[in-house]
Amino acid sequence: PILRMDNARPERLLEFFITVGAGENLVSLDTITEPPITDVCVVFDKEQVPDGFLKIEHSVAGNDANFTSGTAIFRKDVWLCINRADKEPITDIVIITSDKHDQCPTGYTLIPVSSDISICYTREQTNRSPIFDICIIKNKEKAPPQYTLLKQNINVGTFKDPMFLSIKADPRTPLECLYKLVITDRY
């Protein structure tokens, strides 16, 4: 305590000290409620979305998620679609471009988006967690927490406004999960 000259109650640096942790009953804050993604595809222009697939029409901030965004005329729409069917989940996605002379990695499936850009994915289970969500990040939008940004621009439009995929995988270990904190002790 710090003593004061006027004999008043001493000022304290701390009233009490608490210990915070996950506690005995772990309450996870990770809210994965849907099954993992098992397929991705690209649909062009007015093509019908395949049965069981969901077309991603908007970015995280509600902007147009069309891969040809920024093209003024003669635009052919390109949309990413995902499926959550009952089969092996996708565990990794990479974007490859022809200008960097990228090649589709061994064991991955290639999906051409344009003459310059392709999406590759795999279901291999070696030390990889399933992917539970994919979102589109456009311009200066930020990826949601716990999402991993794939840093290759996927916009095939004329003006190439930056557009990226962001994926959310299941946390690999209990140490990577988020838990509700509780006061475990106080002094």
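A charge is taken to sit over a ring when NZ of Lys or CZ of Arg is within 6 Å of the ring centre and within 35 degrees of the ring normal. In this predicted model, lysine 55 fits that description: its charged end sits over the ring of tryptophan 79, 4.7 Å from the ring's centre. Pairs of aromatic rings are another matter, as a search of the whole structure turns up zero of them.

Next come the salt bridges, and the structure holds four. One of them joins glutamate 34 to arginine 84, with 3.4 Å between the closest N and O atoms. Glutamate 34 belongs to the loop between strand S1 (18–21) and strand S2 (39–44), while arginine 84 belongs to the loop between strand S4 (78–83) and strand S5 (92–97), so this pair ties together parts that are 50 residues apart in sequence. As for its surroundings, glutamate 34 counts as partly exposed, at 46% relative accessibility. The contact also belongs to something wider: Glu34, Arg84 and Asp133 are linked in a network of salt bridges.

Aspartate 39 has two partners to look at. With lysine 87 it forms a salt bridge whose closest N and O atoms are 2.6 Å apart. That pair links distant parts of the chain, since aspartate 39 is in strand S2 and lysine 87 is in the loop between S4 and S5, 48 residues apart. The side chain of aspartate 39 also meets that of arginine 123 in a salt bridge, at 2.6 Å from N to O. Here, too, distant parts of the chain are linked: arginine 123 is in the loop between strand S7 (117–122) and strand S8 (131–138), 84 residues away from aspartate 39.

The residues in these two contacts can be sorted by accessibility. Aspartate 39 has 11% relative accessibility and counts as buried. Lysine 87, on the other hand, is partly exposed at 44%, and arginine 123 is partly exposed at 25%.

That leaves the cysteines. Counting disulfides gives zero. To count as one, a pair of cysteine sulfur atoms has to lie within 2.5 Å. For cysteine 41, the closest cysteine sulfur is the one in cysteine 81, and at 4.3 Å it is too far for a bond. Cysteine 41 is itself buried, with a relative accessible area of 15%. Cysteine 135 is buried as well, with a relative accessible area of 10%.

Terms used: Residues are numbered from 1 along each chain as its sequence is written. This is a predicted model: local features need pLDDT of at least 70, side-chain atom pairs count only at pLDDT 80 or more; totals for chains, interfaces and linings use all residues. Side-chain values use heavy atoms; hydrogens and water are left out. Helices (H or I, at least four residues) and strands (E, at least two) are DSSP runs, numbered from the N terminus. Buried means under 20% relative accessible area, exposed over 50%, partly exposed in between (1.4 Å probe, protein chains only). Rings of Phe, Tyr and Trp (its six-membered ring) pair if their centres lie within 6.5 Å; planes under 30 degrees apart count as stacked, over 60 as edge-to-face and the rest as tilted.
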